[in-house]
Amino acid sequence: MKKLLPTSTAGSLPKPSWLAQPETLWSPWKLQNEELNDGKNDALRLCLDDQLRAGIDIVSDGEQTRQHFVTTFIEHLNGVDFEKREIVKIRDRYDASVPTVVGPVSRQKPVFVEDAKFLRQQTSQPIKWALPGPMTMIDTLYDNHYKSREKLAWEFAKILNQEAKDLEAAGVDIIQFDEPAFNVFFDEVNDWGIAALERAAEGLKCETAVHICYGYGIKANTDWKKTLGSEWRQYEEIFPKLQKSSIDIISLECQHSHVPMELMELIRGKKVMVGAIDVATNTIETPEEVAATLRKALQFVDADKLYPCTNCGMIPLPRHVATGKLNALSAGAEIVRRELAGK
Ligand SMILES: [Zn+2]
């Protein structure tokens, strides 16, 4: 990006109420068949329009065509039985009924490529596409086939790489892998998690990003955050190895979190998507609050590598709140851009 401090969002944005139940994760679709396909495309265009009107620089589909950032991708793969469900603890935090891996996993055909092509046709702005990361995928399943988290992650990494290459060919500028699980399983991240992530990104010529957050603003996550103490140093465990990885951009949660900003020094040299919008509150940040977070981040991230962003996806928020937050992000970035230009 030539523009300084290009803004983007971490992932999902609210869906219109005629497409899915608002403020709800895994909300069922309200339309069917052909109507559903048209509805998803209409929602994608509206969501893009909201981003462009707010002045967001790197735009996305806002995940309008997916029910959930992990499961919708897995639904399209062979080897996973969605009828056979088991209760597992997701990210060591909350119980969920999840599908079972019953055989070798593979991708029959591209999953999101038609959606990405559609988004590409609508705008000449840079576009970012989010995929689940391998470790977060295995953490959302019960594995009755490979019986090894590492082996299953490696198989998913190969599948993700096929999808990522197809997305790149469709004109996607940045492919982002969502790895909230990186904030929980530090030993595994360092043993094989980052290697699996690099396998997913292998051979890509477009830019690659990894999004590592403390989760959506849902109760299970906000309760968990209360147990983490006054300083959240989870990133410290994984940053040294990430700094040496082949991933170009690291997307982090910084607004209102207890993450010490100086930890970003450990990934010096990487581009950093700095979360300057809290997704766990309906209170809309003022542009000045956003600017304050970005100024702090500038102590540890070079200006040409700082990408103002949201902490996480905004699907659980009311639409007007999400739109307000997009505007605040844009206005806050502009304040700091002017300051930098005046230096
Ligand atoms: Zn997130």
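## A walk through the predicted fold, starting at Trp129

Setting aside neighbours within four places in sequence, Trp129 is in contact with Ser60, Phe112, Ala116, Leu167, Val172, Ile175 and Gln176; two residues are in contact if their C-beta atoms, placed from the backbone, lie within 7 Å. Please keep in mind that this is a predicted model, in which local features need pLDDT of at least 70, side-chain atom pairs count only at pLDDT 80 or more, and totals for chains, interfaces and linings use all residues. Residues are numbered from 1 along each chain as its sequence is written.

Trp129 also belongs to the largest nonpolar core, which has 98 residues. Such a core is a set of buried Ala, Val, Leu, Ile, Met, Phe, Trp, Tyr and Cys residues joined through C-beta atoms within 7 Å. A residue is buried if 20 or more other C-beta atoms lie within 10 Å of its own, exposed if 12 or fewer, and partly exposed in between, with C-beta atoms placed from the backbone. Trp129, Phe156, Val172, Val272, Val274 and Leu294 touch the most other members of the core. Helix H5 gives the largest share of this core, eight residues.

Now for the overall picture. The protein has 10 helices and nine strands; helices (H or I, at least four residues) and strands (E, at least two) are DSSP runs, numbered from the N terminus. The C-alpha trace spans about 60 × 45 × 40 Å along its principal axes. A compact globule of 343 residues would have a radius of gyration near 20 Å, and the 19 Å of this protein agrees with that; the radius is taken over C-alpha atoms, and the globule rule is 2.2 Å times the number of residues to the power 0.38. Of the 343 residues, 46% count as buried. Among contacts with a separation of 6 or more, 78% come from residues 24 or more positions apart.

Strand S6 (residues 207-212) is mostly covered, with six of its six residues buried. Glu207, Ala209 and His211 point one way from S6, whereas Thr208, Val210 and Ile212 point the other way. In a regular strand the side chains alternate between the two faces of the sheet. Here are three parallel pairings; two strands pair if DSSP finds at least two bridges between them.

| Strand pair | Bridges | Citation |
|---|---|---|
| S5 (residues 174-178) and S6 | five bridges | parallel |
| S6 and S7 (residues 249-253) | four bridges | parallel |
| S2 (residues 94-107) and S4 | two bridges | parallel |

Phe177 stands opposite Val210 in S6. From S5 the chain crosses through helix H6 (residues 186-200) to S6, a β-α-β crossover that is right-handed: with the strands pointing away from the viewer, the path from the first strand over the helix to the second runs clockwise. His211 of S6 stands opposite Ser251 in S7.

An open sheet of three strands has the order S1-S2-S4, with mixed pairing. Its edge strands are S1 (77-90) and S4 (142-143), each pairing on one side only. Thr100 stands opposite Tyr142 in S4.

Where does Phe69 sit? Its place is in the loop between helix H1 (33-54) and helix H2 (71-75). Phe69 is buried because 22 other C-beta atoms lie within 10 Å. Phe69 and Ala130 are 61 residues apart in sequence, yet 8.0 Å apart in space, C-alpha to C-alpha.
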